[in-house]
Amino acid sequence: MKPNFDLNNKVAVITGGGGALGGCIAQSLSQSGVKIVILDLTQESAQKTVDTIKKDGGSAIGFAANVLSEKSIGAISKEIIKRWGRVDILLNAAGGNMPGATIAVDQTIFDLSMHDFKKVTELNLNGSVIPSLIFGKIMADQKSGSIINYSSMSVDRVITRVVGYSASKAGIENFTRWMAVEMALKFGPGVRVNAIAPGFFVGNQNRRLLLNEDGSYTERGDTIIRNTPMKRFGEAQELNGAIHFLCSDAAQFITGVVLPIDGGFSAFSGV
């Protein structure tokens, strides 16, 4: 039997959809006939992605949203239901880091700012948990839906410097498995919860960390490439196929997994 990858007329909510990775998957899903809801911190940022999708003939709406506010996400969920009647896909792409939760080359763990550590943990962990609970309840009532969280290479091994980000993404993987089991046991097999673990993709947040102004690799960038068997950084669109698969009925017996998309980084021992 041919696997069913069809996503036409599904409704997808994408947190952080105004960013590079979130915006890229939004456009890709739209081209497969998915109705897109972009959530981002500002209406302006969300609207940029919405306008791009509409220009290409897709259907999209955008909201300024605080992923740490149950009130904010709850109100938006009601607007989505009023407009499209359902939510089939949730991509928790919102996240980030802060300087105080990162250990600089000339610092030690004892220079960690607990204030920034808490902020990073709240954004990356709670900022996925809250949308998962609110939109997950809609999916539970529908008896169908797919939630995809964003993990990181920094979970299974120590990626130096990013201590706060690493801890929060480790929490994401645990929550992904926990919610996957909870949804399947108590609401049936139609609601699935998985995660992707992107390798190293150059974006606005990490560009200066990985690349020099002339495009050559920094010392950190060079170390990453040496430990990536494919010997390059990823491109944003290279996440899209895996996400399409996990959203579709072709993956209907897959839940609670974390899928690396990393050019072999997680498989390589470095020797």
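How far apart are the mean positions of the positive and negative charges of the protein chain?

## Charge and basis of the model

The mean positions of the 27 positive charges (Lys and Arg, placed at NZ and CZ) and the 24 negative charges (Asp and Glu, placed at CG and CD) are 6 Å apart; His and the chain ends are not counted.

The model is predicted: local features need pLDDT of at least 70 and side-chain atom pairs pLDDT 80 or more, while totals for chains, interfaces and linings use all residues. Residues are numbered from 1 along each chain as its sequence is written, and side-chain values use heavy atoms, without hydrogens and water.

## Overall form

The protein chain contains 8 helices and 7 strands (DSSP runs, numbered from the N terminus: H or I of at least four residues, E of at least two). Its C-alpha trace spans about 55 × 45 × 40 Å along the principal axes. Of the 271 residues, 47% are buried (under 20% relative accessible area, 1.4 Å probe, protein chains only).

## Nonpolar cores

The largest nonpolar core (buried Ala, Val, Leu, Ile, Met, Phe, Trp, Tyr and Cys joined through side-chain atoms within 4.5 Å) has 29 residues, and Val13, Val37, Leu39, Ile73, Ile80 and Phe135 touch the most other members. Elements that each supply at least two residues include strand 1 (11-15), helix 3 (70-84) and helix 5 (163-187). The largest share, 7 residues, comes from helix 4.

A second, separate core of 25 residues includes Ile14, Ile89, Ile196 and Leu239.

Conventions: Buried < 20%, exposed > 50% of the residue type's maximum accessible area, 1.4 Å probe, protein only.
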